[in-house]
Amino acid sequence: MRPCGIFDERYTQDMAILRTKQHWALLVGALILLYLFPLFGSYYLVSFLNNLFITIIVVLGLQIVSGYCGQISFGQPAFMAVGGYASAILTLKAGVSFWLALPLSGLIAGVFGIIGGAPSLRIKGFYLAIATIAIHFVTMWLILHLKITGATQGLNPMPPEIFGFPLDTDERMYYLIATVMLIMTFGARNLVRSKVGRAFVAIRDNDLAAEVMGMNLYHYKLLAFFISCFFAGIAGSLYGHLIMVVHPEQYTLTHALWYVGMIIIGGMGSIPGTFFGVIFVRVLDELVLFASPFLSEAFPWLGASPAAALGLSAFGLVLIVFLVFEPRGLAHRWEIFKASYRLYPFAY
Amino acid sequence: MKRKGWVLLFGVMMLALASGPASVYAAEKTAAFLDLTDMTGAIAGLAGQASRITKATFDYFNERGGIDGVKIKYIGVDTRYDVARALSAYKRYRRTPRLLLANTIGTGLGKAIYPLILRDKIINYTPGDGEFQARLGRTFIYSTPYQDGFSAALDWMKEDWQKKGNSGAPIVGFTSWDNPYGREPFRGGKEYAAKIGVKLLDPELFPVGSLKHDVWLNRLAAKGANYIYVCGVDPTPTNVIRDAYALGLTKKIQFVTDYWGPDRAVGVKAHAEALEGSVVVSCFSRGTDTLNHPIMTKIWKKYMKTPVNEMRGSASIGFSWAMHFIEGLRIALKDVGYEKLNGEAMYQAFMKLKGHNVTQGATGICDYSPSSRRMSRYVKFYRIQGAELVPITDWRLAPDAVSLHKF
């Protein structure tokens, strides 16, 4: 957000994410608030934020491959599973430190994404979506049938340690998860402003034109898949070590639908949109979680099931409303607000 | 309406919401039961009604003054069979005063929540994964372990085989969902089959959500199966037997399903002809037994507001959850009193339930004890006859197949 009257004079100014002193002050304030939160926030809120941050990492990956590169993917939960299992296997069976296992799990998920996504990249749109669903099922089948993954019983990764200090509570893991989320956001924000990011957008907007301009479509599409899966793998690793279990039932196709819904609500092709979408959906879901028992108690005639279905209905309704009235998502509203702020106090 | 009007309306609604339920239990002595159930997900058909009956049973006892003056606060949360959502809900409600038990539907969730259960020193219910019996802890299996039930079915098959004038033991096929639940009966069941000389074919596992099962059924038939044990939550087992009927297999192969098999108000209602003669092994009462249960029918009539003949098998599951909690609470209150009532007291109380006839016939005699996390060791066999589940045995002791497997 830039107030009225501030203009860029150099290219570096134009490229800067933080342009004014107020921006820096806001950032520092937000970071202080973020890192001090466990000191005054309740256990429930801290654990909620842990889940929120992990979801942001996964959806950032999806935003890159779908929002920026235009390749619809329903494979995020599967790639998250690959990251979670990779991290658990590396730490439990190979004795690798968590701190090495974390990036490795992202890389393994990325490579798995390339292998799984390679044939899919010759197809587009709905066909690609179906192919990524197939990848989900193949991955889950492998997890269920391999001995190394613990098959149906899953694995129990241990909490990470820093110099012998275990991060074995939600409050302790919070600092790690928040930090990783910030790093991944910084990476994603810069990636989409780079040559690679512009190539992704070109492919999304018109792949034929992009190819004619000399872009190697196959290379960039694979790269988008790799980066997306890397994000999912990192999130999977963090989640596994947070709840100390990786189990086949944790990674369902329903999650993939939620993730896609989040980027639609937040705004396709926007990093802030990822935050808006994830926060909006997760908070809505959490409110429903809170309201359902209350509703079935306050209005017994409603019954438990209809009250429970409220969450899904609310999600569906919100999605329809956004698709009809604001297909560019909350990020677009944010852009409109920023534009009007830039003109304030003038009308135009 | 102007913007201020909307804001005012929203404010009034929020106030109304915030002022409601807290007062209901504020002045009363309460103990809480957290039901992390699935009302809109993969097993909603089974879990949804079970949860409703649990709540109705608590309402029934609460209206009569509660358990020694303590009323039960039921907190039902729809987890959508989603581990992350269930964990979040647990963290939301774990500080509820005198939360004694969390009911977790799903093996994956049971495992994910266990560290939190240990930390909070409460107890939890989980389905029939034998591992919770093999590694004793604060998780109480709310059924007979799947491998024990399967082994009881193997005994019945052998008995039935010999009763029909055959010698030796039959060849048994196994088909199920390809997931942790679907594979669990084999962990100990396989060893038991070897022990009693039953030839058990390699399992034919199919993906959850499969609509046609001909391939797997034909494979088992080609290998000479005399009996086929089917797992999956209804309507899956019904669909498997429906396909077998269409292939003509039900004439030569006896089908037996596990606890979550054809339900009188679901599968049996839809495919009575195809299911005729199939057998269900269950650790919960089914069919006519459920319809004739005096307390369950009374609760159903009063709270469910639908005809009793629409009562499903899952009714006895929900009733069993509630009754075991009530019986445990009664013992805990007797042991420590209301002021000291906590999860630890409930844990100790649950281990004293062995030998109690907790559900008045909706399940077998309870087996919870310091050395057992099995709800019961008893199962009953039902045959589908004339679109109804009719008991063909009394409660029978199921073999201990859990101890045969190395976990």
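Let's start with the sheet in chain B of this predicted model. Five strands make up an open sheet, and reading across it the order is S2-S1-S3-S4-S5, with parallel pairing. Where does the sheet end on either side? The edge strands are S2, residues 71–78, and S5, residues 139–141, of chain B, and each of them pairs on one side only. As you go from one strand to the next, the twist averages 20 degrees.

Now find strand S1 of chain B, residues 30–37. It pairs with S2(B) in the parallel sense, over 8 bridges. If you'd like one pair of residues to look for, take Leu36(B), which stands opposite Val77(B) in S2(B).

Next, the helices on this sheet. Helix H3(B) lies across S1 and S2 of chain B, and it runs at about 160 degrees to S2(B). Helix H17 of chain B, residues 343–350, also packs on the sheet, where it touches S3 (99–104), S4 (123–126) and S5 of chain B. The direction of H17(B) makes about 55 degrees with that of S4(B).

Let's step back to the domains. The domain assignment splits chain B in two: domain 1 is 27–144 + 292–376, and domain 2 is 146–282 + 379–404. Notice that each domain is written as two stretches of the chain. Measuring over C-alpha atoms, the centres of the two domains of chain B are separated by 28 Å.

How many residues of domain 1 of chain B are in contact with domain 2 of chain B? There are 18, and they meet 21 residues of domain 2. On the domain 1 side, the elements giving two or more residues are helices H3 (44–63), H5 (107–120) and H6 (131–134) of chain B. So we meet H3(B) again, the helix we saw lying across S1 and S2.By class, that side of domain 1 has 5 nonpolar, 10 polar and 3 charged residues.

Last stop: chain A, and a single residue, Glu249(A). Look for Glu249(A) in the loop between helix H10 (217–243) and helix H11 (253–266) of chain A. Is Glu249(A) buried or exposed? Glu249(A) is buried, because 22 other C-beta atoms lie within 10 Å, and the cut-off for buried is 20 or more. Which residues does Glu249(A) touch, leaving out those up to four places away in sequence? They are Val83(B), Gly106(B), Thr107(B), Gly108(B) and Pro180(B), every one carrying the chain letter B. For a sense of distance within chain A, Glu249(A) and Ser237(A) are 12 residues apart in sequence and 16 Å apart in space, C-alpha to C-alpha.

Terms used: Residues are numbered from 1 along each chain as its sequence is written. Chains are lettered from A and ligands numbered from 1 in the order in which they are written. This is a predicted model: local features need pLDDT of at least 70, side-chain atom pairs count only at pLDDT 80 or more; totals for chains, interfaces and linings use all residues. Domain bounds come from an automatic or database domain assignment. Two residues are in contact if their C-beta atoms, placed from the backbone, lie within 7 Å. Helices (H or I, at least four residues) and strands (E, at least two) are DSSP runs, numbered from the N terminus. Ala, Val, Leu, Ile, Met, Phe, Trp, Tyr, Cys and Pro count as nonpolar, Asp, Glu, Lys and Arg as charged, and the others, Gly among them, as polar. A residue is buried if 20 or more other C-beta atoms lie within 10 Å of its own, exposed if 12 or fewer, and partly exposed in between; C-beta atoms are placed from the backbone. Two strands pair if DSSP finds at least two bridges between them. Axes are lines fitted to C-alpha atoms, for helices over the stretch in contact, and angles run from 0 to 180 degrees between N-to-C directions.
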